[in-house]
Amino acid sequence: MSILVIAEHDQQTLKAATLNTVAAAARIGGDIHVLVAGAGCAAAAAQAATLQGVSKVLVADAAHYEAQTAENLAALVLANAAGRTHILAPATTFGKNLLPRVAALLDVAQISEITAVESADTFVRPIYAGNAMATVQSTDPVKVITVRTTAFDAIAAGNNAPVEAIAAATDTATTQLQGRELTKSERPELGAAKIIVSGGRGLGSGENYHKLLEPLADKLGAALGASRAAVDAGFVPNDYQVGQTGKVVAPQLYLAIGISGAIQHLAGMKDSKVIVAINKDPDAPIFQVADYGLVADLFETVPQLEQSLG
Ligand code: FAD
């Protein structure tokens, strides 16, 4: 078995999703190589070398990997695909952008968002927005796999794998990054947060969302999330969205406030360890997945909850 994990990183550090992806690779077993492609990415490569189970880190350091365009990365992955049995990346925006291209170029079917490894060729993945789990077996010579990061605990550090510089592939120059607008936040990243405070249409306005949920999230050290209805109504930007067409999260604690619990929302948060719901409608479907439910008016209970946290 020869597994290639494509690292997601910001040149300095690996994104948490990479640690979950290496954990999935470890379940498959065999030789795990991590590919770190970037510009000035030595620090990220050094971090990859510390991950347990990694047998080698391959670093391609070149200016045209700075923007991490799928075209250039796919060409590099292909140049390093010979003899590989598995190619893995996280099922994040990064991996979802890159791996379908890699799979198409290798003429194999991608196996998307795996949540478990049954064997080297058999994997479990969600279908119908997570309402059913399919066990799929692949006969392709190389399995191209995106990993649902919430399904695998992050691999720990405690290794000193060799780091090898590899040649960059030719710059395809077909796509150029014109700009990048990043949301800067002091809060934990939604996908990696241990606690998430999430708000829905029940909050009524963006002003109420911020006024009620931010102080609560501050006290809990939580990330902020939202339903699609809250995003569509303009309460918060769409990178807050949790669900089928948003982010899939599985924090230790998920507070759903003024969220009805539509299946498309549940698809993104039902694997949270503890779910707390506040909703004034006792029949709201969110209560079917909640560990603790409070049938109450959020405008009264959220400030009380926040104050009781001291
Ligand atoms: P609502 O369903 O309107 O619920 C608001 C809730 O607030 C109600 O339960 C109400 O009782 C409660 N409430 C109102 N006032 C108060 C109060 N004062 N105190 C307490 N409770 C109160 N949705 C997502 O979230 N994420 C997705 O990724 C997503 N993807 C989708 C993809 C597709 C293809 C489709 C068709 C839909 C998708 N949706 C998604 C939309 C989804 O179907 C729901 O419309 C949406 O989740 C509803 O958001 P909500 O719960 O905030 O709003």
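Author: On a 1 Å grid over the protein atoms alone, a cavity is a set of points where a 1.4 Å probe fits but cannot get out. Its volume is the space filled by probe spheres set on those points, which are joined across faces, edges and corners. This is a predicted model, where local features need pLDDT of at least 70 and side-chain atom pairs pLDDT 80 or more, while totals for chains, interfaces and linings use all residues. Residues count from 1 along each chain as its sequence is written, and side-chain values use heavy atoms, with hydrogens and water left out.

Reader: OK, how many cavities of 30 Å³ or more does the structure hold?

Author: Just one. The largest cavity has a volume of about 30 Å³. Lining residues have an atom within 4 Å of a point, and here they are Arg148, Val248, Val249, Ala267, Gly268, Met269, Lys270 and Asp271. That makes four nonpolar, one polar and three charged (Ala, Val, Leu, Ile, Met, Phe, Trp, Tyr, Cys and Pro count as nonpolar; Asp, Glu, Lys and Arg as charged; the others, Gly among them, as polar).

Reader: And pockets? Which residues lie nearest the centre of the second largest pocket?

Author: A pocket is an open set of points with protein on both sides within 12 Å along at least five of seven lines. For the second largest pocket, Ser227, Arg228, Ala229, Ser260 and Ala262 lie nearest the centre, out of 18 lining residues. Helix H6 (228–232) and helix H7 (263–269) each give two or more residues to that lining. Helices (H or I, at least four residues) and strands (E, at least two) are DSSP runs, numbered from the N terminus. The pocket holds about 300 Å³ of space, and its lining has four nonpolar, 12 polar and two charged residues.

Reader: Now the sheets. What is the order of the five strands in the open sheet with parallel pairing?

Author: Two strands pair if DSSP finds at least two bridges between them. Here the order reads E12-E11-E13-E14-E15. At the edges, strand E12 (223–226) and strand E15 (292–295) each pair on one side only. From one strand to the next, the twist averages 15°. Look at E11 (195–199) and E13 (253–257): five bridges join them, and one of the matches is Ile196 with Tyr254.

Reader: Which strands does helix H5 lie across?

Author: Helix H5 (206–220) lies across E11, E12 and E13, at about 170° to E11. Angles run from 0 to 180 degrees between N-to-C directions, using axes fitted to C-alpha atoms, for helices over the stretch in contact; contact means heavy atoms within 4.5 Å. Helix H9 (298–308) also packs on the sheet, touching E13, E14 and E15, and makes about 135° with E14.

Reader: What about the three-stranded open sheet: which strands stand at its edges?

Author: Its order is E6-E7-E8, antiparallel. E6 (116–119) and E8 (132–137) are the edge strands with a single partner each, so one side of each has no neighbour in the sheet. Three bridges join E6 to E7 (122–127), and Ala116 has Val124 as its bridge partner.

Reader: Last one: is Thr170 buried or exposed?

Author: Buried means under 20% relative accessible area, exposed over 50%, and partly exposed in between (1.4 Å probe, protein chains only). At 68%, Thr170 counts as exposed. Thr170 lies in the loop between E10 (163–165) and E11. Leaving aside neighbours within four places in sequence, Thr170 is in contact with His64 and Asn72.
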